[in-house]
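Let's walk through this one together, starting with how some of its helices pack and moving on to its charged pairs. Keep the viewer open as you read.

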Amino acid sequence: MSRFYEIRIMFCLQGMILLTMAVTVKSLRPTCANGVCNKASSLQIAFFYMSLYTIAIGAGGTKPNISTFGADQFDNYSLKEKKQKVSFFNWWMFSSFLGALFATLGLVYIQENLGWGLGYGIPTLGLLVSLMVFYIGTPFYRHKVIKSENLAKDLVRVPIAAFKNRKLHCPNDVLELHELDSHYYKSTGTHQVHHTPIFRFLDKAAIKTCSGESPCTVTKVEVAKRVLGLTFIWLVTLIPSTLWAQVNTLFVKQGTTLDRKLGSHFQIPAASLGSFVTLSMLLSVPMYDQYFVPFMRKKTGNPRGITILQRLGIGFVIQIVAIAVASAVEVKRMRVIKEFHIASPKQVVPMSIFWLLPQYSLLGIGDVFNAIGLLEFFYDQSPEEMQSLGTTFFTSGIGLGNFLNSFLVTMVDKITTKGGGKSWIGDNLNDSRLDYYYGFLVVISVVNMGLFLWTASKYVYKSDEIKDFSGGCVEMEAKALDTSPLTIQL
């Protein structure tokens with residue numbers, strides 16, 4: 001993984017160098033005179049997009065793998081390191097948000113006041129330094145060797161084999177299913193996964209038949225079950241990802257209509273309020289890690305304080321409250337609009353932009369439970385040889401959430417304007433009903449929360465967790481799994 005990460009960060013560095021050149025080299029940027037810029041040439045546009053796509057290729061490889069590689073540095077069979085690993089994702093996300101805060105406040109100021117070349121040059125230099133640090137640290141990192149082959153092929157083969165054997169009776173005795181000897185797994189250094197009573201229809205892929213075709217092993221079937229279980233959880237996290245997308249879209253649009261003056265001369269950019277999401281998150285992470293977790297650990301005996309799915313549930317509830325607060329603020333804004341007879345989209349509503357602070361802050365607090373919890377959950381619960389897939393679940397959920405947000409906005413706008421009606425999300429927000437749209441988001445979020453609670457109640461955690469953190473011996477969880485979770489039997 002380290003070699004793959006090295007290649008991808010090189011792509012990021014190359015892309016940032018190209019992007020810095022695009023805003024500094026005269027022949028690569030449009031010429032401007034008296035504040036008016038000429039249209040960019042085809043070559044300039046192509047060079048600009050090439051630099052962006054180079055960065056995207058690099059980020060597509062580093063983002064799903066960097067957190068996984070960091071978590072792999074902790075030994076699951078060491079009492080001390082296992083305990084430290086519980087806090088890793090909290091502080092990894094903390095550092096990421098700290099960098100985002102510097103970018104939104106510091107780099108944006110540098111770009112607008114000191115020059116775009118310097119604004120892009122600083123993160124380029126930072127990437128170069130990080131690559132050098134990575135090279136220096138490479139001999140000291142732990143490198144997990146993946147000994148299983150054709151993992152993706154096995155994921156496809158299991159459901160196909162189960163479908164072919166759909167008419168066969170699945171034996172009640174697990175020992176009748178195909179599995180290799182445990183000595184094979186020990187000799188090859190691979191992980192044997194024991195049978196679980198979930199998704200029983202997939203067990204048919206391991207039925208021994210007389211066709212001559214080698215059936216799937218129980219281990220391969222269990223890996224497929226694990227990925228399928230993660231997929232169910234992933235599906236019910238898409239709506240929360242959609243809610244988070246409001247920060248950079250409708251929340252900003254709300255802010256542009258309000259009074260943004262701070263003093264007699266300074267006006268707050270509407271998008272700058274997004275930094276309060278980061279600030280509230282940065283303040284909440286130390287409190288969560290240093291106070292909440294130890295307190296709950298004493299109450300529950302769980303090394304994490306609460307289970308990962310409980311953490312996600314709390315985060316989702318906070319998100320719903322944040323959108324409900326946004327709806328209430330919008331109702332207040334509509335009353336002010338009605339009181340002062342405001343109709344033009346350019347008229348400023350005499351209401352301070354700081355009314356939006358609670359919804360931004362709540363989303364930041366929710367991220368401590370939601371965003372970090374999602375990253376930890378998908379990494380922790382992924383099959384041993386496929387933990388990069390877990391962080392891919394996390395990043396893809398965020399991306400699809402943004403897509404769903406755009407889709408919802410477009411569909412709601414079309415439906416509400418049908419037949420000459422007033423759009424809930426029109427270009428003129430002073431003559432729209434954004435409060436209705438926020439209410440709609442609350443309703444679908446509550447419904448999704450119900451689905452999440454049902455799915456979470458059926459979910460079976462991996463059975464290789466270290467349960468005792470108090471000292472002495474390390475107890476490995478090896479109890480029989482509940483027979484009810486996520487069971488789809490044939």
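**Helices that cross**

Start with helix 5 (residues 151–164) and helix 7, which pack at an angle of about 95° with their axes 9 Å apart. Helices here are DSSP runs of H or I with at least four residues, strands are runs of E with at least two, and both are numbered from the N terminus. The axes are lines fitted to C-alpha atoms, for helices over the stretch in contact, and angles run from 0 to 180 degrees between N-to-C directions. Helix 5 and helix 7 are therefore roughly perpendicular to each other; the scheme calls angles under 35 degrees roughly parallel, over 145 roughly antiparallel, 65 to 115 roughly perpendicular and the rest oblique. On the helix 5 side, look for Asp-154, Leu-155, Arg-157 and Val-158, which meet Lys-220, Val-221, Val-223, Ala-224 and Val-227 in helix 7. Contact means heavy atoms within 4.5 Å. By class, this contact of helix 5 with helix 7 has six nonpolar, no polar and three charged residues, where Ala, Val, Leu, Ile, Met, Phe, Trp, Tyr, Cys and Pro count as nonpolar, Asp, Glu, Lys and Arg as charged, and the others, Gly among them, as polar.

A word on what you're looking at: this is a predicted model, with local features needing pLDDT of at least 70 and side-chain atom pairs counting only at pLDDT 80 or more, while totals for chains, interfaces and linings use all residues. Residues are numbered from 1 along each chain as its sequence is written, and side-chain values use heavy atoms, with hydrogens and water left out.

**Around helix 13**

Now swing over to helix 13 (residues 371–381) and helix 14 (residues 387–417), whose axes come within 7 Å and cross at roughly 150°. Helix 13 and helix 14 are therefore roughly antiparallel to each other. Their crossing is right-handed; a crossing is left-handed if the near helix is turned anticlockwise from the far one by less than a right angle, and right-handed if clockwise. Helix 13 brings Ala-371, Leu-374, Leu-375, Phe-378 and Tyr-379 to the contact, and helix 14 brings Gln-387, Gly-390, Thr-391, Phe-393 and Phe-394. That works out as seven nonpolar, three polar and no charged residues.

Helix 13 also packs with helix 11, at an angle of about 155° and with the axes 9 Å apart. That makes helix 11 roughly antiparallel to helix 13, and this crossing is left-handed. Here Ile-308, Leu-309, Arg-311 and Leu-312 of helix 11 touch Ile-372, Gly-373, Leu-374, Glu-376, Phe-377 and Asp-380 of helix 13. The classes in the contact of helix 11 with helix 13 are six nonpolar, one polar and three charged.

Two of those contact residues turn up again around Asn-90, which lies in helix 3. Leaving out residues up to four places away in sequence, Asn-90 touches Val-285, Tyr-288, Asp-289, Arg-311 and Ile-372. Is Asn-90 buried or exposed? At 2% relative accessibility, Asn-90 counts as buried; the cut-offs are under 20% relative accessible area for buried, over 50% for exposed and partly exposed in between (1.4 Å probe, protein chains only). Lys-80, also in helix 3 (residues 79–113), counts as exposed at 62%.

**Charged pairs**

Side chains of opposite charge can pair when their charged atoms come close. The structure holds nine salt bridges, each a side-chain nitrogen of Lys or Arg within 4 Å of a carboxyl oxygen of Asp or Glu. One of them joins Arg-304 and Glu-376 (2.6 Å, N to O). Arg-304 sits in the loop between helix 10 (275–300) and helix 11 (308–339), and Glu-376 in helix 13, 72 residues apart. Arg-304 is buried, with a relative accessible area of 13%, and Glu-376 is buried at 3%.

Back at helix 7, Lys-225 forms a salt bridge with Asp-203, the closest N and O atoms being 2.8 Å apart. Lys-225 is in helix 7 (residues 218–235), while Asp-203 is in the loop between helix 6 (182–188) and helix 7. Both Lys-225 and Asp-203 are buried. Asp-203 also meets Arg-200 in a salt bridge (2.8 Å, N to O), and a network of salt bridges links Arg-200, Asp-203, Glu-222 and Lys-225.

**Zooming out**

The chain has 15 helices and six strands, and 45% of its 490 residues count as buried. Its C-alpha trace spans about 80 × 50 × 50 Å along the principal axes.
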